[in-house]
Amino acid sequence: MVSEEYGFFIDPQRCIGCRSCVASCAECGTHRGHSMIHLDELDRLASTQTGPTVCMHCEDPICAMSCPADAIKRSEDGVVHASQKPRCIACQNCELSCPFGVPIVFSGLEQMLKCDLCYDRTSLGQRPMCATVCPSQALLFAPRHEVGAMRANRPLREFLIGSLLVKTRNAIMVPDPETPLHLNAGLLCAGDF
Amino acid sequence: MAHLPLTPDQLRAQFGPHLNLAPPGGWDAQTQPDKVVATHCCFCGQQCGIKLKVKDNAVIGFEPWEEFPFNQGKLCPKGVKRYLQGGHPDRLLHAMQRTDAGFVPMDWNQAMERTVTEIQRIQERFGKDAFALLSGVSLSNEKSYLSGKFARLGLGTRNLDYNGRLCMVSAGAGNKKAFGVDRAANSWADILGAEVIWVTGANVAECAPITTDYIWKARDRGAKLIVVDPRITPLGRTADLALPLKPGTDCALTNGILHLLDKWDLIDRDFVREHTSGFDETLAAARTCTPEWTSRITGLPAAAIEKAARLWGEAKTSFLMHARGIEHQSKGVENVNSCINMVLATGRIGRPDCGYATITGQGNGQGGREHGHKCDQLPGNRDIENPEHRKYICSVWGCTDAELPRKGLSAQEIMNAIHAGEIKGLLCLCFNPLVSLPDSSFTREALEKLEFLVSFDFFLSETAQHADIVFPAALHEEDEGTSTSAEGRVIRLRKAVEPPGEARPDWAIMVELARRLGRGRFFEHFTSPRAIFEELRVASKGGTADYAGITYEKIEANLGIFWPCPTEDHPGTPRLFEGGTFFHPDGRARFIPTPWRPPMETVDAEYPVWLTTGRVVFHYLSGTQTRRIGFLVEQCPHPYVEIHPRMAERCGIREGDAVEVATRRGAIVLPAKVVSTIRPDTVFIPYHWPGPLSANVLTARNLDPVSRIPEFKVSACRLTRTSADRFPPELLELRRMARMASSLQGSIPEQVL
């Protein structure tokens, strides 16, 4: 079990694009060379801004809902796990449905792998690999009640995907967390805006 | 003559760089380590703590070392993947000699004999100083100390210098002038409580990534961040005030700030009166530096200069950090002193939350520049021309004054002397001058003129490819020792594995060479790094960089000790200058006037664009190590030229186009990276690559008159769009390898490309 006390806080403002998270994800004992973190340059022409994407661990995970093989499980502590190998049919529904773009179907494995919050580490009280090494601590794993004192930005765990409200275990750090963040996920939900 | 024995392609096939993608045995090996060794990263001056996992004498991975106070587990991608060097197929395992058929293994004993014969032949014919030693500060303190002693007493040459000459040597000289000592004035802990943080000429996010978190922690408590850089770096992007000044105009800005601090009466006059000297002359030199004048020189708006002066002047606490951006200039030392002037004027030093530091770049850039590794220096940061200092070191070493050479040439000047035929032989270790010195065509010509070059290296670097004899050396994790981080914290490097094949630590090779040169009596007691450290402690005693009270055990028990630490019961000194006491005999700090002067090369009609060079987060220095690690090459396979869209449009250049960048030294063709995060009048090229990809084909051998640092950061160039078939084959090959490495991710057995 991962302690409910501990949260994962993502602050893109701090991200320096160094890809330590991507490098270290592959090094976590159970990940065996597979990195499940996306690190994107948002618009390099305009800015050095980069954005790390790790799984948000939804309360009601859309990837699991969309999985025809029932291969994606969420444990009681709120962690949404990688697909179960015998069940996963590599159909990519999860890849397509995730509003955050997290799951990756690895072609060599014919299996979807995604951030499992380094379950082998966090269930023993350690921090996930990426949040341990992150030089700027744009990825922070810390007791929820301490974050207010640690950071100027505030955690946000509610997102509107069109009109669908998605609540997550992990948080995005924003200057103003009072209202859920609209994720303009493209034309599919354009009518909602 | 030291021409390449084979074509570059043949050398590459045999010695790499190949890419190591996965740990020994592959990702699926699921190996449990035999042991976990807590040591430090081999890259960069932050010297992050890291634990290496070891199985069957191979490093198979890492664990974050969360207890180590500096980085608390944090690592940049170089640190994460550094373990892939260990079992690398490019490792040199035997002594080799160069023949017409390429490098062939040579019996160790014969390699030693040939080396000794050549050294003696050259020195007998041309004099002792005709054989030089170039070394580097990725070496431990022990090896750095030994390099200095070996050059002076083993070879008897005055011509020893080190690659710190390309690093923080301007900062060292400026600090000695101002403070009488060369060390970061504070541990990084003092960043956390600063109200204003001034970062100038330092791409912190890429070159000292862990420092980013210190700065953000201060900002979370309300600190304002000012970043001075011709580019909007990843940290600069978020700054409260970014000052993208014209390359080479740094001390015009700092003089302008000093002028405003005085005009607005934001000077700590009590501190200046009681703890410093030289203020009036320094202020007088800045008298004409009005915001309008400063704006004209730097290209910054006057309002931004005033805002910066306001933020800096009105703060109660502050931390100023600089790095190579201001130091790699023909007025590097003046730039450093102009920053120190700003700090001293506000009296914000030597107190909690008030600090100043250069961010040392190389692994042991701090410790390696303290103990006689430089052409003008003896251990303890003593002066080789000071009779008292010489006398003390002669007493420690058991030699006569006549046996101890005088001041020699600096690194670039050694290369110039080789080119001029004055120096005929060279021992080169931990230094890849063919990539890292400016004007690399000149460096190549010089290497080709050497009568004898001997290298110690773990991989065959581009410089070592010109060697007559190569001895296989040990990696960082294959030896014990200490290093000193950018903070001035002396830390323990632990041996995790034995060196492979016949590879041996550099110190052991040097000691054997000294013995065979008939100088064994000065070196034979060095049977371990610890034995060298014990002598270093004595030799540094009473110097400014005093390690006398530091022991291996004390470092381990305290997770590092800050020098000066004169006695064993002394706790070390994280913060210097407390109570306003500086290291000059009168206890006062010095203001140094820094009147502005232009860079040695400026833009003109023929070469109308400023060129600046630097690093990326994925590579370390000349790339000998990082260009062999799959993940790092995948992220940044080759250099490029950053061009502002406005400049690109003027030259008809689009993203990805082949661009010829030409200076008075030469020309290279690289892909354009069109970004608005650089001044429109300036282009940037990262420098980690050799041959036709080397930014240093373009840079000039213009040196600072005091520090002898080359002006890597300011050149004048010309841009021409050209055809893609002019991309060097080396670039296309790197691109291919990176793509291949990328496509293999996810299905990786043990793989080497």
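This is a guided tour of a predicted model, moving from the whole of chain B to single residues.

**Stop 1: chain B as a whole**

Select chain B and colour it by secondary structure. You will find 24 helices and 28 strands. Along its principal axes, the C-alpha trace spans about 70 × 65 × 55 Å. A compact globule of 753 residues would have a radius of gyration near 27 Å, and chain B, with 25 Å, agrees with that. Buried residues account for 63% of the 753 residues in the chain. If you like contact maps, count the contacts in chain B between residues at least 6 apart in sequence: 75% of them join residues at least 24 apart.

**Stop 2: the domains**

Now colour by domain. Domain 1 of chain B is made of 96-166 + 364-570, domain 2 covers 169-358, and domain 3 runs over 609-744. Keep domains 1 and 3 on screen: their C-alpha centres lie 31 Å apart. Which parts of domain 1 touch domain 3? Look for α16 (411-419), α17 (433-436) and α18 (440-449) of chain B, the elements that give two or more residues to that side. In total, 18 residues of domain 1 are in contact with 19 residues of domain 3. The domain 1 side has seven nonpolar, seven polar and four charged residues.

**Stop 3: where chain B meets chain A**

Bring chain A back. Here 38 residues of chain B are in contact with 32 residues of chain A. On the chain B side, select β3 (58-64), α2 (77-81), α7 (211-220) and α22 (630-635), which each give two or more residues. Of the elements, α7(B) provides the largest share, four residues. By class, the chain B side divides into 21 nonpolar, 10 polar and seven charged residues.

For a close view of this contact, centre on Pro135(A), in the loop between α5 (129-133) and β6 (139-143) of chain A. Is Pro135(A) buried or exposed? It is buried, because 29 other C-beta atoms lie within 10 Å and 20 are enough to count as buried. Leaving out residues up to four places away in sequence, Pro135(A) touches residues of both chains, including Ile16(A), Cys18(A), Lys74(B), Pro209(B) and Thr212(B). Arg14(A) is 121 residues away along the chain, yet the C-alpha atoms of Pro135(A) and Arg14(A) are separated by 9.5 Å.

**Stop 4: helix α14 and the core**

Next, select residues 332-346 of chain B, helix α14. At 1.5 Å a residue, these 15 residues should span 21 Å, and the end C-alpha atoms, 22 Å apart, agree. Now show the surroundings: 15 of the 15 residues of α14(B) are buried, so the helix is largely enclosed by the rest of the structure. Just after it comes Gly347(B), which takes a positive phi of about 65 degrees.

From here, widen the selection to the largest nonpolar core. Of its 296 residues, those touching the most other members are Cys130(A), Ile197(B), Ile226(B), Val470(B), Val661(B) and Val683(B). The largest share of this core, eight residues, comes from α14(B). Try Ile197(B) as a centre: setting aside residues up to four places away in sequence, its contacts include Ile191(B), Ile215(B), Leu225(B) and Phe319(B).

**Stop 5: helix α21 and what follows**

Go to Glu553(B), in helix α21 (residues 552-558) of chain B. With 10 C-beta neighbours inside 10 Å, Glu553(B) counts as exposed. Add a distance label to Ile418(B), 135 residues apart from Glu553(B) along the chain; the two C-alpha atoms are separated by 43 Å.

Step forward to Leu559(B), in the loop between α21 and β21. Most residues other than glycine have a negative phi, and most peptide bonds are trans. Leu559(B) is not a glycine, but has a positive phi of about 55 degrees; with 16 other C-beta atoms within 10 Å, Leu559(B) is partly exposed.

Two more selections sit between β21 (561-562) and β22 (589-590): Pro564(B) and Phe577(B). The peptide bond from Trp563(B) to Pro564(B) is cis, with omega near -5 degrees. Phe577(B) has a positive phi near 65 degrees and is buried, with 23 other C-beta atoms within 10 Å.

**Last stop: another cis bond**

Finally, select Gly16(B) and Pro17(B), which are joined by a cis peptide bond with omega of about 10 degrees. Pro17(B) is in the loop between α1 (8-15) and β1 (35-40) of chain B.

Note on methods. Residues are numbered from 1 along each chain as its sequence is written. Chains are lettered from A and ligands numbered from 1 in the order in which they are written. This is a predicted model: local features need pLDDT of at least 70, side-chain atom pairs count only at pLDDT 80 or more; totals for chains, interfaces and linings use all residues. The radius of gyration is taken over C-alpha atoms; the globule rule is 2.2 Å times the number of residues to the power 0.38. A residue is buried if 20 or more other C-beta atoms lie within 10 Å of its own, exposed if 12 or fewer, and partly exposed in between; C-beta atoms are placed from the backbone. Two residues are in contact if their C-beta atoms, placed from the backbone, lie within 7 Å. Domain bounds come from an automatic or database domain assignment. Ala, Val, Leu, Ile, Met, Phe, Trp, Tyr, Cys and Pro count as nonpolar, Asp, Glu, Lys and Arg as charged, and the others, Gly among them, as polar. The expected span of a helix is 1.5 Å times one less than its number of residues. A nonpolar core is a set of buried Ala, Val, Leu, Ile, Met, Phe, Trp, Tyr and Cys residues joined through C-beta atoms within 7 Å.
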